[in-house]
Every structure is written in structure tokens, then in C-alpha cells.
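Please open the model in your viewer and keep the sequence panel beside it, as this tour moves from one selection to the next.

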Amino acid sequence: MSRFSALAACAVTLATPTLAQSPAPVRFDTSLYNALEWRSIGPFRGGRATAVAGHADQPSTFYFGATGGGVWKTTDGGLTWQPVSDKDFRTGSIGAIDVAPSDPNVVYVGTGESPIRGNVSPGDGMYRSTDAGKTWQPSGLRDAGQIGAIRVHPTNPDLVYVAVLGHAFGPNVERGVFRSKDGGRSWDKILFRSDSAGAIDLAMDPVNPRILYAAFWQARRGPWYLSSGGPGSGLFKSTDGGDTWKEITRNEGLPKGVIGKIGVTVSAANHDRVWAIVEAEDGGVFRSDDGGATWRRLNEERNLRQRAWYYSHIHADPKDAETVYVLNTGLYRSVDGGRTFTPIRVPHGDNHALWIAPNDPLRMINGNDGGANVSYNGGVSWTGQDNQPTAQFYHVTATTHFPYRVCGSQQDNSTVCIAARTDGGGITQKDWYEVGGGESGWIVARQDDPDVVYAGSYSYLSRLDRRTGQERDITPWPENPMGWGAADLKYRLQWTFPIASSPFNPRVLYVGAQVVFRSTNEGQSWDVISPDLTRNDKSKQGPSGGPITKDNTSVEYYNTVFVIAPSARDSNVIWVGTDDGQVQLTRDGGKTWTNVTPPARDLPEWALISMVEPSPHDAGTAYVAATRYKWDDFHPYVYKTTDYGRTWRKIVTGIPDNHFIRVVREDPARRGLQYAGGEFGVYVSFDDGAGWQSLQRNLPVVPIHDLVVKDNDLVAATHGRAFWILDDLTPLHQLADSVARASRFLFTPRDPSRMGGGGGFGFAASGVGANPPSGAVVFFYLKDKPDSAADLRLDFLDARDSLIRRFSTRPPSGSGDSLKVRAGMNRFVWNLRYPEASRFPGMIFWAGGTQGPVAVPGTYKVRLTAGDWSQTRGFALKRDPRATATPEDYQRQFDLLIRIRDRVSAANDAVKRIRDVKEQLDGAATRARGSPGGGGGGGGGDAGRRIAQLADSIKARLSAVEAEIYQVKNRSSQDPLNYPIRLNNKIAALAG
């Protein structure tokens, strides 16, 4: 290990960047790209859930709130979950949920999770549903920030109380206890302490709902610290429904020193019995048996009050006055009034929420860092968490596999790589694998060997060879920092310290502390190639936490390198962004560095440089996304330079002023096409950032922490809804003014690959991610929907312009090749198959079908026709690179399958002709038997009978032939197991 000497090896020079003016923005109507859709690929394993609820009268219905992923509901006891807030909510961070006891259709949700982690997301107030979560209405308190608890009156669903913690990162006045008497239409602040202390918990007396207890918490997060406790923390009681309050913080038996976070609960079996778990130097579990007048500390064990700011929740059993639960890393239960506690095994650690059915204490739902779990036997067993795609990811990378893998570190879990698409019907757990590292870091897969993966997580960096399973620690400075403040460390490796690889040499790695490390041998050894690139303000490097409990996990380590971005255009150019607002650049591979931070008059100091994106088109061009939300500033800060940072242009026009942005990416295929991801959504710019517009489409409102463009897809790392992919960016590459002015336009399709799987289906309730559509995806634009009488056609042609297949808005009778269109962008998927063999009604095959063969790899065309107007675009069908078949193999297979298809058609057509003739013979026989003449009396006479007999004879011989071609006894799908298959089925089975 060698140290970099700032004096001998390099000099950091201060530039004086200037800010340029932005040109007029370019915007396209969203109807030009409204057929693009995001799809969820998983992984289907839950993320943090800090709010849960149920109802006494609905034993199978529960709700949980994800910390980024919105509100979810189950009606089958937790076997499956569905998101219910996506359409109406403006944020995905959920802090509290309560169902009105007197009306299960009335549900209140408070947004903004209350455990204020370093990755906490803000809320935007209250929401209310009156139809059990089908629809929601905003219900005020928009500036509440984080909401800790909701309590609804037991008989009046319009009377509701809310504990508002307030902003996590700054002072605000919308804090305290609020009450609404009209279902959330208006609110009264009925208890307030200060602009720095808010309400964190509420308990309503189950016997007398006019008696309320409120816990206040003075807490704040900043870029380099967490503070929990102070004069604003305390415990209060009201006996008149919240009209007046009495502070009971210092009542006999409660702690005397500084108070931090408090949880409070009332026993329904003995309403004079109140429990509280209190963060204090002499804190613990306290109980009052006289309604809060006096208290006793019954338990002071550390396992119940460790990391108190993150937990401190307590819940009384609704039937047994001696039973009480405390939530911490584990879920604990006491059956002796709170004196001793024993752990209850739960599927995941770090417990934040518990709801117990008031009429059945065995029925409960628990929220923890792995999601939500339901129990019907008091915690003996729980439902799983593999049906909740609410994972939180910090970063995302895509490998060079085919199909590519999407990799990231899941908060509260492990690293994961997951297939972007599979050869099966969906993306399941068998398509995931871990890659070392841990819950918070970056991941880098070697470009030339993607099964070799480097993964980090606060103070740890691993190299894993997935083929052998061998993993080794390659941390540049392997010192475990847990518990230490940043100033005490030689190298400040932050919670999400950056890892990057050289685009030019896959053996070269970069890692960021306050300096940049470089390894040229995959982490076997490291050199420091920079001085301290941060502001190195020692006053911001002390231990975090306090004044009661310290909390040093490296989340709050400050003055660190937050992002390292080597240029793909110049091997000597490396961009660096720090968490204290510095943008640094080297143009000589690390020998010298220049501070090229955008001017302070536009980018306020101490911003976090969240992402630097070197342009894939030009070495001197880069984009910077900075955030200041940890200063309670939600403005977007995005910049562009084209001259190595000498001048910058702010590029935020079109992004809402309170939507801060974490990441900007430039499309490698179209210069100036930009994507931005932030706390509340995804945006696109067609003019190099001069103007932005939404690219949210069907993506839920969820924090976006990272984006990557891979193989003309846009992959998003969400912080609450796992990974999503926007398939096929090629229409965005082609958007132009000429397209916007056109009444019709056919986009050139992306070249598809011939492979199995796909179909575009996902089964979220079963934990299966969605594959993309299988085949050639064609996008076309129609300014207006065609008249119902108009014939709009899509023709697919081979290289010789021969028609393969036609799809039409007015297809021939009986044809399945129909085309449905709408105004705006349309998407059509050709499954690459030639027309199928003919069929007849009621046909049942076993292990055989009538589908046409798949096209061979090669060149094809698609033609869109409307009246005398048409456009034709070409595309190439590529072979699956994993396959070893030659072009000749594909062609011979195709020729055989065409012959089989045609033989099946011939056999089936014969059956249809036989049946047609038999029907005609039946008609002839009927007419002959009923024709006049001959013997009079009632028949057709001798001639008629002879004709009928002849018809029956011919029909019998035709039926015998038909029975040789097709098994006519088949009536259900498994009848072929009883009645042997015939000729047409045997021929069709050859295609398999």
C-alpha cells in the first residue's frame, strides 16, 4: 500500500467555473411515446415496512406501508399482496396506517416513514380511502414530513388523531398532534412543542377514547449527524379528547435526564395500565398502573432499547393485562407485565410495526426490515415475504451476459443479480444469485468476464468468482469502523462508498474514501492516486448520534468521495463527486486533480454530488446531479459541462421545483438524449437537458436512486419497488420534429433476438417478475384513431419482400391476425412465427400444435399501410449468441417445420372437406327421404330411400377415412390418453 503525497505527486488546483445560459427547451407530446411500458423484474423479497394495520371484523384483510413502495393490501391473510396506492399517491414513503374500527372501508394513511434512517424519504401528508383502499383522496397536512402514528375513534370514523414528527432534515411548524373531526377535510393542531420536536406515537384508551397519550421526539438528521433527544421530547396525556394536555414526562418513576424517543401503549384489559419504552440514559420499559400518574421501570435490558431512534415501539395485548410486546432488532413478548421478555421468531430482523386484532390476540401482522408478515397463532408461524417486491436498491449495474443481468445491493438484505429476461414464462427466484458484498454498496461486474463481480458494503469490498464460489476480501484498507466517528479513521469509507472499473482495462478498479484508490490487479494491491478531494472539515467528522445514544454505522461519515466516474472516451479522464459538494477532475490518470465544482452562487455549498455522468460521446462533456435534501432543500440541481468543468449550465427546466434528482444518464445511442431519476420519478430530455418531461408512464411513484442504459433498455434501481426496466428505447432515439408533425409514423424496430421465453407476463402475487414481449416489437404513431371502416395493415416481409404475415384492423373472417389501434403511439408484437396450420372446430391434439415455424435469423421488413399511404422499415432477427446452430441449421429446421406445417394443414383440410361433404350428404339424404313420389304415404319413395342409403354408405366410408386422419372420439384435453392419436396429431408432434 502506498500513500499519495499531495506535495510530490499531484496538486489540486481550484478552478473558477462559470454558469452558462440554457437554450429554449424542446418538448414532445407524450402521446408520441405513451406505448412504452416499465416492467417489474423483482427480486420479490420485501423491503422495510414500518406501518401495518388490520380490522377486527376482517380476519383475512391486512395493510402494510413500505418505506418507498406505497401501501399494500392482502385479502387472503398474507398469501398474496397487491399495491393499492399507486394511482393516487404522490409519494411512496409510508409512515402510519389505521383502519376505522367502526367502518373497515375507511382507511387513513400518513406518509413519510418515522424511523429517520439516512435513506429516509419524505411524505406529503395524509390520505383517506372510503372504499377499503380502491381509491384515495389527499387529506391535508402536506408539510408534515414524517408521520409516526394514526388513531381513529372506535365509533366515529371521521374523528382521527395523527402524530406528526415533521421534517427529518430541518425545522418546520407542522409538527405535533393533529385532530380532524371531519374525516381529514380540516385539521386542528392540538398539541405543539417546537419546530424541532414532533409527535412520534399516540395511544388511545380502548375503554375511554377521550383519554389519549402522546409521545414527542426531538430528532433531526443532517448530512453528517443524527440527533435523537432533547428538551422537546416528552410524554403527554389528555382526558378530554385532545382539547387539553398535561405533560407527564417527569412524573414519578420516569427518567430524569435527557429524553429521546418514546413508545407508549394502553392495556385494553386494564385501561389504567400504561406502558412506555423510553430512550434515556436510565431508560427502558416503564409501567404505570394509575393512568400515568406514577411509573416503575420494570426492564432495562439493552436488547429492548438498543439503537432506540430506530425502534422504541411497544404494544399491549388486547385481552391480557400481563402481556406486552416490544419491537427492536427482535420481536419480544412479556407475559409478566413487562418484567421479563422472550423473543418471538420472525422471518426478518429489525422490527418496526405490530398490529394485534383487538378481538383475537393470536391474529397479528408485523412489519420489519424484510417486509410484512401475518400470524394467526400468536407468532408461532408467519406468512412469507417473497410476495412483496418492495426492495430498496442504492445503485444498479448491468452485466455483459446474454441476456444481461441486473445487479444491486438491497437494503436490509444482500446483493443480488437477476436476469433481465429468461427463457421461461417469468423471472423467478431461480434466476437470482448473490454476488458478495452487502446491503449498501456498489457492484461492478467485469466487462470481459461478468461472472467475476466486485461488491461493496460499508468498509467491505469483495471479489467473487461465481463459477467457483470463491470470495475474498479486497478492501483497500481493511479496518472495521463500526462505532467510530469519521475523524478517528485513516480512510473514511462511507456506507455506499463508490466502486468503479476502467472502461479500458477490466483489471483496473477504483474505490473512494476521502481519496481515490486504484488497483491494477483486481484488488490484490492498491495505490492512492489522489489527495483528500473533500473539504475535510473536521467539525463534521465527529461521532454520530446522541445526546443519549451514539449511532455510528458509516451512514453519517462525511467529507467522502461519493461517486467515481471514469470516462469511456479517454482513459486518463476520471470525474469524482464528493458528499460535501466538490466535483474533482483528473485528465492524466490521477497525477493531478482540478476542482471543477459548479459555482457556489448556483449550487449551494455542502451539496451531495450524487452522480457524475461522463458523456459516452465526448470526453469533455459530463453531467452532475446533486442533492441538498439533507439540508431540507428539495430543489433539483443538475448541471452540464462541455469543457471539462470550466463552465457549467444548469439543466432543470421541466422538473418540479421540489423534486430533487439523484442521477442523470446520457443515452449511448443518441447524443443529447438524457434520463434523470429522483425522489418522485423519472424524466427524459430530448435536448441535452435544456428541457425535461416525465417518463414515469406506469412506473409507481417511488424514489429512484440509480439508472443505467443497457442494450437500449433503461433500468431503474428503485428504493422501495425493486428493479424495473423500460424496454426498448429506440422509439425515443427516433423522435424528432418531423415525427411530431406527422399524422402517421412507423418507427424502425429494435433488432430482436431469436430466443425462448418472454411473453410480457409477470405474476406479482406469486413472486414472478415480468419478461418482455417475445418477438419483434413494432411501434407506430397515429395522430388520430382510424375510422372503424378503415383498413390499417401491418405486413411482415422477408428479405425478398415476400409477404410472411398480415395483421389488419379488418382481418378476413375467421382470421386471428387482427390489429387493434388507438390514437397516439401503438405497440404491436410479432411473435416471429409464420402463419399456422389450418384448424377445425373442436380439434384436440396431444403434444402437438398448429403454430407456424419461427423465422430464421436474417433481415426482414415491416410495412404499415393506411389507404394509399405506407411506410416500410427494416430490421434484423439476430441469433441467440448462446446457441451453436449455424445459418444452415436454422434454414434446414425451418424448411422441415414448413413441410410439417403444410402436411398438418393438408390433413386438417381433409378433415374439414370430409365434414363438409358429410354435411352435404346429410342434407341430400334428408331431402331424398322427404321427396314426393313412389309409394305415396309418407316418405320419399324407393328412389328416395336408395339415394339416402347411398348417401349414408358414402358418409360411413368418409367417416372411416376421417377417423384415420383424426381421433374423432376426443372431447376433452386428456381424451388422447384413452383414444389413440391419429395421423394429423402424429405429424404435428414431429414439430416438437
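**Stop one: a buried arginine and its partner**

Select Arg287, which counts as buried at 4% relative accessibility, where buried means under 20% relative accessible area, exposed over 50% and partly exposed in between, with a 1.4 Å probe and protein chains only. The model is a predicted one, in which local features need pLDDT of at least 70 and side-chain atom pairs count only at pLDDT 80 or more, while totals for chains, interfaces and linings use all residues. Residues are numbered from 1 along each chain as its sequence is written, and side-chain values use heavy atoms, with hydrogens and water left out.

Now add Asp289, whose side chain meets that of Arg287 in a salt bridge at 3.1 Å, N to O; the term stands for a side-chain nitrogen of Lys or Arg within 4 Å of a carboxyl oxygen of Asp or Glu. Asp289, at 34% relative accessibility, counts as partly exposed. Across the whole structure, a search finds 50 salt bridges.

**Stop two: a bridge between loops**

Next select Arg507 and Glu522, which form a salt bridge with their closest N and O atoms 3.2 Å apart. Arg507 lies in the loop between strands S40 (499-501) and S41 (509-512), and Glu522 in the loop between strands S42 (516-519) and S43 (527-528), so the pair ties together parts that are 15 residues apart in sequence. Helices (H or I, at least four residues) and strands (E, at least two) are DSSP runs, numbered from the N terminus. Of the two partners, Arg507 is partly exposed at 36% relative accessibility, whereas Glu522 is buried, with a relative accessible area of 7%.

**Stop three: two helices**

Move on to Arg915 and Glu962, another salt bridge, with the closest N and O atoms 2.7 Å apart. Because Arg915 lies in helix H4 (residues 887-930) and Glu962 in helix H5 (residues 941-965), the pair ties together parts that are 47 residues apart in sequence. Arg915 is partly exposed, with a relative accessible area of 29%, and Glu962 is buried, with a relative accessible area of 3%.

Show both helices in full: H4 and H5 pack at an angle of about 165°, with their axes 9 Å apart, the axes being lines fitted to C-alpha atoms, for helices over the stretch in contact, and angles running from 0 to 180 degrees between N-to-C directions. That angle makes H4 roughly antiparallel to H5, a label for angles over 145 degrees. Residues that make the contact (heavy atoms within 4.5 Å) include Ile914, Arg915 and Leu921 of H4 and Ala951, Leu958 and Glu962 of H5.

**Stop four: Asp532 and Thr627**

Which residues is Asp532 in contact with, leaving aside its neighbours within four places in sequence? They are Arg492, Gln514 and Val515. Asp532 itself lies in the loop between S43 and strand S44 (561-566) and is partly exposed, with a relative accessible area of 26%. To see how the loop stands relative to a distant point in the chain, draw a distance from Asp532 to Tyr966: their C-alpha atoms are separated by 81 Å, and the residues are 434 apart along the chain.

Finally, select Thr627, found in strand S49 (residues 622-628) and buried, with a relative accessible area of 3%. Leaving aside neighbours within four places in sequence, Thr627 is in contact with Ala607, Leu608, Ser610, Phe660, Ile661 and Arg662.

Key: Parallel < 35°, antiparallel > 145°, perpendicular 65-115°, else oblique.
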